[in-house]
Every structure is written in structure tokens, then in C-alpha cells.
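Here's a quick walk through a single protein chain. Have the viewer open and follow along as the residues come up.

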Amino acid sequence: MLRSQLRRQSHSTASGATHARVQNMVVFSVAGKRLAARTEEIGGVLPWPGTTAVPSDTPFVTSLVRHEESCLPVFDLAAKFNRTVGEEESLCLIVKHVDGPLAICIDAQVPSLHVVPRSEVQYQNGLDPDIAGSCVAGDEQLPLINLATLGVASQRLA
């Protein structure tokens with residue numbers, strides 16, 4: 001379900017050397033905000049299954065979705081960015097989080113894959129520990145979100 005925006009790599013370099021100089025990214029949007037994430041942090045994309053509200057003290061986690069034989073916590077990334085996403089016709093991004101898989105409701109536009117030269121990835125420490133920096137994917141400068149540790153710093157501050 002991911003659209004590929006992979007660019008052709010030069011045949012003059014060995015594939016191992018080329019791989020070391022690029023980072024694979026998935027670009028998606030949440031309530032109109034475009035974001036990039038490392039592909040190794042993505043577990044899949046599927047139609048939005050709908051949520052079940054649950055009481056929770058974890059910031060931005062107030063519901064669950066059914067996925068295969070289990071339930072996943074939903075991280076409300078739209079709320080983190082002070083936005084709202086319409087759940088009708090949305091997609092579910094499954095994230096490989098350090099605390100176990102979780103779901104994020106994303107816009108209906110199918111995420112795209114990008115091969116980004118490492119020179120176009122800028123890692124930085126900022127005010128938001130969930131934002132790892134930025135990158136240029138296609139022709140866009142995008143925030144690079146840390147999905148694997150999403151919300152971990154918020155939980156420690158609470």
C-alpha cells in the first residue's frame with residue numbers, strides 16, 4: 001500500500017557503498033502536516049479500523065484499535081501537533097515502537113517511499129524529542145519524526 005518514489009541509483013558505485021550514503025524514508029501526512037520517518041520504524045499501513053476509547057494516563061494515548069488477533073494502543077499524533085484528523089477514510093500506520101507496536105491515524109493519502117541521500121538528512125536536538133531533525137524528500141523539506149521512541153520523553157515528564 002506504499003507508493004514508491006525511489007530514484008535510480010548510479011551504476012558506477014557498488015551497491016554497498018551506495019546503501020551507506022542513503023536513508024530510506026516513508027513520507028506521510030497527519031491532519032495535513034507532512035512528515036518523514038525511517039522505513040525501519042514502520043510495520044505497515046492499512047485502512048483505519050476505528051477505535052475503542054480507553055482510560056489512560058499516557059499522554060496522547062486514549063484509544064485502541066484491533067489489529068489481527070490483538071489490540072494496539074493508538075498514539076494521537078494529530079493531537080500532539082494541535083491538529084485534528086478525520087478518521088473517516090483515514091489510514092492506520094503501524095509503528096515499530098520500543099514499547100511494542102502502536103497505531104497512528106494518518107491522512108488517506110497513501111504514504112510514499114523515498115531514498116534520501118544522507119547529506120539531505122539533518123539530525124538535531126530540539127525542543128521536541130519526538131522530532132529527530134529534518135530531511136529533503138523529493139522537493140520537500142520535512143520534519144523527521146522518531147516513531148520508535150514516540151512519546152517516551154513525554155511519559156517520563158508526566
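What follows goes from the overall picture and its confidence to the cores, the rings, the cysteines and a few individual residues.

## Overall picture and confidence

First things first: this is a predicted model. The chain averages a pLDDT of 85, and 84% of the residues score at least 70. Confidence varies by element, with strand β1 (residues 3-4) at the bottom on a mean pLDDT of 50 and β8 at the top on 97. Then there's the stretch of residues 5-15, where pLDDT stays under 50. For that stretch the model has 12 contacts beyond four places in sequence.

As for the fold elements, you'll find 3 helices and 13 strands. Of the 158 residues in the chain, 41% are buried. Take the contacts between residues at least 6 apart in sequence: 58% of them join residues at least 24 apart.

## Two nonpolar cores

Nonpolar side chains in soluble globular proteins tend to be buried together. Here the largest nonpolar core has 23 residues. Which of its residues touch the most other members? Those are F28, L77, L93, I104, I145 and L147. Several elements feed this core: β2, β3 (33-38), β4 (42-47), α2 (77-80), β8 and β9 each supply at least two residues. Another core lies apart from it, with 10 residues, among them A36, V116, A132 and A137.

I104 is a handy place to start clicking around. Skipping neighbours within four places in sequence, I104 is in contact with W48, F75, L77, L91, C92, L93, V95, L147 and L150.

## Rings: one pair and one charge

The model has 1 aromatic pair. Its rings belong to F60 and F75, with centres 5.6 Å apart and planes at 50°, so the pair counts as tilted. The two partners come from distant parts of the chain, 15 residues apart: F60 is in the loop between β5 (52-53) and β6 (61-67), while F75 is in strand β7 (residues 70-75).

Are F60 and F75 buried or exposed? F60 is partly exposed, at 30% relative accessibility. F75 is buried, at 3%. F75 also turns up among the contacts of I104.

There's a ring with a charge over it, too. The charged end of K33 sits over the ring of F81, 5.1 Å from the ring centre.

## Cysteines without a bond

How many disulfides does the structure hold? The count is 0. For C105, the closest cysteine sulfur is the one in C92, and at 7.7 Å that is too far for a bond, given that a disulfide needs the sulfur atoms within 2.5 Å.

C105 is buried, with a relative accessible area of 8%. C135 is buried as well, at 0%. C92, for its part, is one of the residues in contact with I104.

## Positive phi at A31 and N82

Most residues other than glycine have a negative phi. A31 is not a glycine, yet its phi is positive, at about 55°. Where is A31 found? Its place is in the loop between β2 and β3, and its relative accessible area of 19% makes A31 buried. That value falls just inside the cut-off, because buried means under 20%.

N82 also has a positive phi of about 55° without being a glycine. N82 is in the loop between α2 and β8. N82 counts as exposed, at 73% relative accessibility.

## Two more residues to click on

S29 belongs to strand β2 (residues 22-30). It is buried, at 4% relative accessibility. Neighbours within four places in sequence aside, S29 is in contact with R34, I106, D107 and Q109.

D99 is in the loop between β8 (91-95) and β9 (102-106). At 58% relative accessibility, D99 counts as exposed. Now pick the C-alpha atoms of D99 and T149: they are separated by 8.2 Å, with the two positions 50 residues apart along the chain.

Terms used: Residues are numbered from 1 along each chain as its sequence is written. This is a predicted model: local features need pLDDT of at least 70, side-chain atom pairs count only at pLDDT 80 or more; totals for chains, interfaces and linings use all residues. Side-chain values use heavy atoms; hydrogens and water are left out. Rings of Phe, Tyr and Trp (its six-membered ring) pair if their centres lie within 6.5 Å; planes under 30 degrees apart count as stacked, over 60 as edge-to-face and the rest as tilted. Helices (H or I, at least four residues) and strands (E, at least two) are DSSP runs, numbered from the N terminus. Buried means under 20% relative accessible area, exposed over 50%, partly exposed in between (1.4 Å probe, protein chains only). A charge sits over a ring if NZ of Lys or CZ of Arg is within 6 Å of the ring centre and within 35 degrees of the ring normal. Contact means heavy atoms within 4.5 Å. pLDDT is the predictor's confidence in each residue, from 0 to 100. A nonpolar core is a set of buried Ala, Val, Leu, Ile, Met, Phe, Trp, Tyr and Cys residues joined through side-chain atoms within 4.5 Å.
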